[in-house]
Amino acid sequence: MIIYNERERVFKLDTPNTTYMIGIVDEENFVGHIYYGRRLREADASCLMRTEEPPFVPSKNNRERCSFYDCFPFEYPANGLGDYREGCLGVRTAAGHVGCLLSYRSHEIIKGKPALEGLPATFGTEEACTTLKLVCEDNYAGMQVELLYTVFHDTDVITRSVKVINTGSDALFLTKVYSACIDMDNRDFDMVSLHGSWARERHIQRKPIGYGIQNVSSFRGESSHQDHPFLALVDKNTTQENGEIYAMNFVYSGNFRAQAEVSQFDSVRMTMGIHPENFCWKLESGESFQAPEVVMVYTDKGFDAMTGIFHRLYRKHLIRGEYRNKKRPILINNWEATYFAFDTEKLLSIAKEASKLGIEMLVMDDGWFGKRNFDDCALGDWTVNEDKLKGGLKYLVDEVNKLGLKFGIWFEPEMISPDSDLYRAHPDWALAIPGRPGTESRQQFVLDLSRQEIVDAIYGQVAAVLRSANIEYVKWDMNRQLSDIGSCGLPADRQGEIYHRYVLAVYQMQDRLTKEFPHLLLENCSGGGARFDPGMLYYSPQIWCSDDTDAIERLAIQEGTALIYPLSTMGAHVSDCPNHALGRVTPFETRGIVALAGTFGYELDVTKIPQEDREMIPDQVAMYHKYNDLVREGDYYRIASYAQNHRYDCWQVVDAERDEALVTFVQVLNRVNFKSMRILLKGLDENKHYNVVFVNDEGIEPKVYSGDTLMKAGLLIPYWKGDFKARLIDLRAVQD
Ligand code: DGJ
């Protein structure tokens, strides 16, 4: 619900349990942030803007206007006029001047949620959400800024985005347009972010914030392995189950910056938006720029609650398409099985064995096109290599289909190899700074997707392959980050638009793909999990989590990913041992149990693995079919974190009715001479009784406990010998 109290000049935005308040202040209509937190009954908290204390508002104390600017909690701070904290908006006029400041002009309260042109965003019906469009202006710079806020009625989410319109007669240059800001009192917050590297994505990091600026960011052209477009400010005492959290997640797949700046007066300005580095967007008179969306979540009930809110929002209001609520086919991908050394015969031998074991789809990974037998060539030449795939692609797909398996294929559409027919024909199609040698990474360049003719040509090639056979899945990969940001398709004063135009082009291509092939299951990927973000989830219901498929390494990666994203989105496979990334050996059973917490599939040569491992596959497949509805749609709870305790990991999923639950316990390192482990379950119905079955340990007798006991007194996991072992525990409500 959104109301405007005209007398107080206050907007009150309510979700079921939270309130967000904005105030219009003084004769000049400054727009201030009043409050965000637990739901308030009334709109009477304007005092929090502290306009009744020095330096007062400019109409009462104009000699200290600068001080007012520097401490007022601006709803959307601009820059250059006396607020010395970092602003959200940077504008340079045609004359080269940079100051700007916004004042309220008008507003509109709209049922539902308008789409953002060209950008992914959460969506909702008129019953599900309400939107406030707050129109602000800076008449000196000649621009209007629309601040959009959508409140969801069924969940504690407020989304934000910003549109800048040039209302003047000369061009404007936008040097920064963040999407969200909360200017509030600091409460000795910690900041929580997701940090990583290739094969080590999204590890949870928590640290105290101090005076000044601290941020997480990427200007690698994608959301990145290294940092993630997520930031939470949390109370020092916040735990899984309790405490305040202010979280922001960016629905965007390119450069970003998420920041907390603690001021001299102990206020904190939390911001998120497109990274301003190398960003400059030229806005001609009458043109507008739409910044991407930020999802904001507030809760005072700890990380479990925050996670639940994000999961439900993304499942219901972000992910689209046929597979959004559907079980995904169990796939076998040939990457770790063969790398580039495969042909039709090899793939069919894998498919044949896989079909006997209950696997449902074969995915042909990198190396099927042009003359690509290693990662040093042919990106851009999306024609089938018939030396490898004798009889052609359609023959292979038909044969795989005859075995009862679906067929999927890998592409890396955004790239071009210097050694490719495409590059020889169009050397200017790579991003490059004229006169400067290009920077190779994995021996490839990035295509200049700011040029529509390149987007069309590549899309045409990809679509032609997909039209040529019964292909039901695409893995869309991106194996290097952007550099050499130059385009010969844009004039000098638009080179600063390349990064963002690139992201828009990726969205455009995926939009076309999902419209032309509505039954296709799309899985995004970027050298593992470097582009796992809500922007990509708008197009693909699942994303490859990491190139690290080791079951133990995956614990921290999947824990960090699941902090925000539903388990249904996390690409997870069982791979061979010793693990190719790490060299570790773990039991096949544990690999299966850890992969069950994601989309589930295999990444190994099923014709070559040990017989006892192969024999376990039908049981794992059965397990997937039994539990996937629960894993995909259930509420996820974190019970214990190996990343924190260095010994064991535990999570749980519970269905909406609280009739069924599945607990996964991974004993990473055993302790000698020790006792059973006690875990406190979550999300159960305290009034119900549950039959507790240790699925993969028949030696432990099933037993009935009350939900109340399981959550308060806990469940004992019997001591068992060995490292890297996992147990699945099935709970089902029984009639009392
Ligand atoms: C990176 C991906 O994450 C891998 O799974 C594989 O597809 C390779 N790229 C292929 O080049």
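In the predicted model, the C-alpha centres of domain 1 and domain 3 are separated by 40 Å. These two belong to a division of the protein chain into three parts, with domain 1 spanning residues 2–317, domain 2 spanning 331–633 and domain 3 spanning 639–734.

The largest nonpolar core comprises 201 residues, and within it L89, W368, I409 and Y602 are the members that touch the most others. Helix α8, which covers residues 498–516, makes the greatest contribution to this core, supplying nine residues. A second core, of 23 residues, lies apart from it and includes Y648, Y690, I700 and I729. In soluble globular proteins, nonpolar side chains tend to be buried together. The surroundings of Y602 can be listed in detail: once neighbours within four places in sequence are set aside, Y602 contacts I330, L331, I332, N333, I359, H573, V574, F588, I617, Q620 and V621.

The ligand is surrounded by 13 residues, of which D365, D366, K475, D477 and D547 are the closest. Several polar approaches to oxygen atoms of the ligand can be specified. A polar side-chain atom of D547 is found 2.4 Å from a ligand oxygen, while an N or O atom in the side chain of D366 is 2.7 Å from an oxygen atom of the ligand. For G528, by contrast, a backbone N or O atom is involved, at 2.9 Å from an oxygen atom of the ligand. Of the 300 Å² of accessible area that the ligand has on its own, 98% is covered by the protein.

Attention then turns to individual buried positions, beginning with F30, which lies in strand β4 (residues 30–38). F30 counts as buried because its relative accessibility is 1%, against a cut-off of under 20%. Not counting residues up to four places away in sequence, F30 touches G23, I24, V25, P58, R65, F68, Y69, F72, F74 and L101. The C-alpha atoms of F30 and R105 lie 9.9 Å apart in space, although 75 residues separate the two in sequence.

Two threonines provide further cases. T664 is placed in strand β34 (residues 660–667), and it is classed as buried because its relative accessibility is 4%. The contacts of T664, again without residues up to four places away in sequence, are I593, D649, C650, W651, R727 and L728. T586, on the other hand, sits in the loop that runs between β30 (574–575) and α11 (588–595); with a relative accessible area of 3%, T586 is therefore also buried. Beyond its neighbours within four places in sequence, T586 is in contact with D550, A551, I552, C577, R591 and F724.

R591, a contact of T586, and I593, a contact of T664, are both among the buried residues of helix α11. This helix is mostly covered, seven of its eight residues being buried, namely F588, T590, R591, G592, I593, V594 and A595. The elements that cover these buried residues include the helices α10 (553–562) and α12 (611–633), together with β30, β31 (601–603), β34 and β39 (725–734). Strand β34, one of these covering elements, is the strand in which T664 is located, and F588, listed among the buried residues of α11, is also one of the residues contacted by Y602.

Conventions:
Residues are numbered from 1 along each chain as its sequence is written. This is a predicted model: local features need pLDDT of at least 70, side-chain atom pairs count only at pLDDT 80 or more; totals for chains, interfaces and linings use all residues. Side-chain values use heavy atoms; hydrogens and water are left out. Domain bounds come from an automatic or database domain assignment. A nonpolar core is a set of buried Ala, Val, Leu, Ile, Met, Phe, Trp, Tyr and Cys residues joined through side-chain atoms within 4.5 Å. Buried means under 20% relative accessible area, exposed over 50%, partly exposed in between (1.4 Å probe, protein chains only). Helices (H or I, at least four residues) and strands (E, at least two) are DSSP runs, numbered from the N terminus. Contact means heavy atoms within 4.5 Å. A residue is near a molecule or strand if one of its heavy atoms lies within 4 Å of it. A polar contact is a pair of N or O atoms within 3.5 Å; within protein, one must be able to donate a hydrogen and the other to accept it, and residues adjacent in sequence count only if both atoms are side-chain atoms. Accessible areas come from the Shrake-Rupley method with a 1.4 Å probe; for residues, only the protein chains shown count as cover.
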